[in-house]
Amino acid sequence: MDSVRRPGSEERALQARTVIREGVMRTLCRQCDMRCGVRVHIHRGRIVKLSGDPQHPLSRGLICAKATAAPETAYHPERLCRPLRRRTEGDFEALDTDRAMEEIAERVRRIQAEDGARAVGVWTGEAIGFLQQEAYARRFIHALGSPNFFSAESVCFASRHMAYCLHQGYYSPCPDFENAAVVLLWGSNLGVTHPPFMQAVKAGRRHGARLVVIDPRRTGAAREADVFLQIRPGTDAALGLGLACHLLETGTYDRAFVSHYSLGFHSFAAYARTFTPDVVARETGLDPGAVLRVGRMLAGAGGRVANYAGISLEHQPGGLATIRTIAALNAVCGAVDRRGGEPWPEPPPVRRLTLYEEIPLEDQTPIGADRFPALYAFRKQCHSISAMDAILGKGPYRLRGLIVTGANPVLTNPHTAKVQRAFKNLDLLVVRDLFMTATARLAHYVLPAASFLERSELHFYPGSQVVGLSQKVLEVPGTTDEYTFWRDLARRLGFGDSLFPWENETEVNRWILSPTGLTPELLAARPEGASYAPGASRKFEQRPFPTPSGKFEFVSKTLADMGHDPLPRYTPPAAIARDDPYPLVLITGARHPLYYHSRNRNIRSFRRRQPEAVAEIHPADAARLGIRNGERVRIISAAGEIQIRTRVVAQGDILAGVLQIGHGWEDPNVNLLTGDEDLDPVSGYPNMKLVRVRIQKISQQPWGGASRR
Ligand SMILES: Nc1nc2c(c(=O)[nH]1)N[C@H]1C(S)=C(S)[C@@H](COP(=O)(O)OP(=O)(O)OC[C@H]3O[C@@H](n4cnc5c(=O)[nH]c(N)nc54)[C@H](O)[C@@H]3O)O[C@H]1N2
Ligand SMILES: Nc1nc2c(c(=O)[nH]1)N[C@H]1C(S)=C(S)[C@@H](COP(=O)(O)OP(=O)(O)OC[C@H]3O[C@@H](n4cnc5c(=O)[nH]c(N)nc54)[C@H](O)[C@@H]3O)O[C@H]1N2
Ligand code: SF4
Ligand SMILES: [Mo]
């Protein structure tokens, strides 16, 4: 986002209305997916600040920097408040909402008449999350008759969700950090990415838990760890199997669990036993003594082991198998559904907004489901990377229209150049956003969206099995919330009254909650949320795992039937040859505490603190290449190139041969370097963490010279 005032954004701070004029409203923060409890302080009809809500069971008063920026975002002078339509000249003109919606409906109708409903898709992003707001979009596109639902989730946690489901039939998004004896963070800097989880880890450590951090970079979490395993990128599966090997060889695994409740243990054990300390050291580059220390910690933990795998493990061509080794290690340790381990969350007994059972559309060829059937089978996600091919006419049929909301795929999807080419090839691109983003600039219509402070939605906390309801705090004329938008479009297309019958979000929430006995009014009075199910451990003793065999499956027949390896197998990262054109390994997207993907770059105080993207580089690599700290360099991959300033980090902060660059910046955009071919064979995930690159000096460019932005 740049600072040029664009049509549609107007000095509109005065028009934004708070629901109360004075006082404090308690709600849930949605600046990230944690949904901490927050207090919104309102003075003379304006939000002045957010503070933490000490009564909230997850966050307990915690609030992070990102949340404090919410008022600045809501009142931002660049915020869109009128729909925009692209003119033939290429620029945008403002129009009223009713007109914009009617034109969009007309263009959807036309594509549908010419090529069928499946030529239209929707794409949702992290900003609206992967629950209720996303479900509106799924419901809409399904009701239209198209299976083509895409979302940022298919490069986010869908892979780990699938990996765990393959073994045990559910995913445990919130390990019991607080009661664990050992916490293992695999490529996850929790203090930055999930602050309330790190708060729970710290509470656990006060009760004696030990912390192991596995990362090629010395992150904030690594600095606090009892053991920091500075692993070679892409080799975590070897470590996971090596730790399982230690438990098997020393007879310290959970024999009762594996013999009564699992399937395929012997095949897995035979394979894991080949990951001897020598093999693990060779693959991972780790000190065998440190790995042995972790093995002993696990052996003595009595199953109170909390594993948390971060996104890096998924953003690799062997990512799904890596997560599977961690799920299997969990079972070998005896951590499955136990206090201090990884609980099996009860799903809330609510109504579903999605229509997959009512309107099965498998016969409509969901995009990517032929190549990555597991992604569709487990997550009902179409493959967002294959969408580009379909738009460019290289899919099973052409995708002609796309409605994007809460996402900025031009910056966040891999292979930006292709995303741009594809989006420019669409007959209809509608983007709903708060700001004129890189993606919105390609749209035919840009619609101003309501921020999280301007809507009310349910949130389910799987760790505590509590449901909370966020409150609408602000109203910004000209914007629409997600529900209102989909309902309006559905009505214009003829299925609104039957499938979007609720008058507003409160009525949707009432319908969703109806089987629970809870109501929106009751939850509004309890900002700390209400329990929907009591917690219980070792539920597998009473009922089967929700897997095809009813057991914990070390070996997956489901995968075998799809033509994949039934065992979680380690694939070593591609070797680097002497004279390799791309001799360095680039990790992209380590999270920054102030930025959220492409968001928050227009928060002035944040921008002052971190004005641009930098390439972290090891001092030995910098010295070898003659690169100084702060020097601008060219980074080149097989997919493209960027220019960026370097940050030569301290010895030990990153492994030699490895670079790191954050994502979400428009210039330089690291996704110009990520390609879309090196995909995980099961999940279809792109490679965003083992990207092979080289660095070139920009000759004679003075340090901090003319190109400083
Ligand atoms: N502030 C902030 N918080 C966020 C986000 C944000 O953008 N900003 N995004 C949110 C979202 S959607 C997500 S998905 C999560 C992601 O949350 P996490 O998964 O916790 O992400 P990070 O810790 O930033 O990133 C990954 C770490 O993995 C390391 N790594 C890279 N390759 C490897 C490898 O091969 N093995 C191992 N062991 N480690 C490796 C990197 O060095 C980095 O430190 O964060 C969420 N929270
Ligand atoms: N290279 C690289 N790329 C990555 C990653 C990486 O690690 N490396 N991580 C990937 C991951 S895990 C994820 S989850 C994706 C995230 O990818 P996206 O979901 O595309 O991420 P955001 O940049 O958060 O896009 C959110 C957009 O929604 C807008 N927005 C904010 N609030 C609202 C709202 O309330 N309503 C609506 N309608 N819009 C709103 C914001 O202005 C922003 O433009 O990025 C992925 N991209
Ligand atoms: S961690 Fe920060 S941004 Fe995320 S919900 Fe909590 S306060 Fe909001
Ligand atoms: Mo994500």
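Which cavity is the space taken by ligand 2? In this predicted model, ligand 2 takes up the space of the largest cavity. That cavity belongs to a set of seven of 30 Å³ or more. Here's a quick tour of the ligand, its cavity and the runner-up.

**Ligand 2 and its shell**
- Ligand 2 has 36 residues around it, and E126, N408, T412, D433 and S598 are the closest.
- By class, that shell splits into 14 nonpolar, 14 polar and eight charged residues.
- The side chain of S598 puts a polar atom 2.5 Å from an oxygen atom of ligand 2.
- R591 has a polar side-chain atom 2.8 Å from a ligand 2 oxygen, and an N or O atom in the side chain of R455 is also 2.8 Å from an oxygen atom of ligand 2.
- On its own, ligand 2 would expose 920 Å², but the protein buries 98% of that.

**The largest cavity**
- The largest cavity holds about 720 Å³ of space.
- Its lining runs to 48 residues, with E126, A127, G406, A407 and R599 nearest the centre.
- Helix 2 (70-74), helix 17 (409-412) and strand 15 (428-433) each chip in at least two lining residues; helix 2 gives the most, with three.
- Sorted by class, this lining has 21 nonpolar, 18 polar and nine charged residues.

**The second largest cavity**
- The second largest cavity has about 100 Å³ of space.
- It is lined by 14 residues, and C29, C32, C36, C64 and A67 sit nearest its centre.
- Helix 1 (65-68) and helix 7 (195-206) are the elements that give two or more residues to this lining.
- Its lining counts eleven nonpolar residues, one polar and two charged.

Terms used. Residues numbered from 1 in each chain as written. Chains lettered and ligands numbered in written order. Predicted model: local features only at pLDDT ≥ 70, side-chain atom pairs only at ≥ 80, totals over all residues. Heavy atoms only, no water. Near = heavy atom within 4 Å. Polar contact = N/O pair within 3.5 Å; in protein donor to acceptor, adjacent residues only side chain to side chain. Areas by Shrake-Rupley, 256 points an atom, 1.4 Å probe, with all protein chains shown as cover. 1 Å grid on protein atoms, 1.4 Å probe; cavity = no way out; pocket = protein on both sides within 12 Å on 5 of 7 lines; lining within 4 Å. Sits in = over half its atoms within 2 Å of the grid points. Nonpolar A, V, L, I, M, F, W, Y, C, P; charged D, E, K, R; others polar. Points joined across faces, edges and corners; volume = space filled by probe spheres on them. Helix = DSSP H or I, 4+ residues; strand = E, 2+ residues; numbered from the N terminus.
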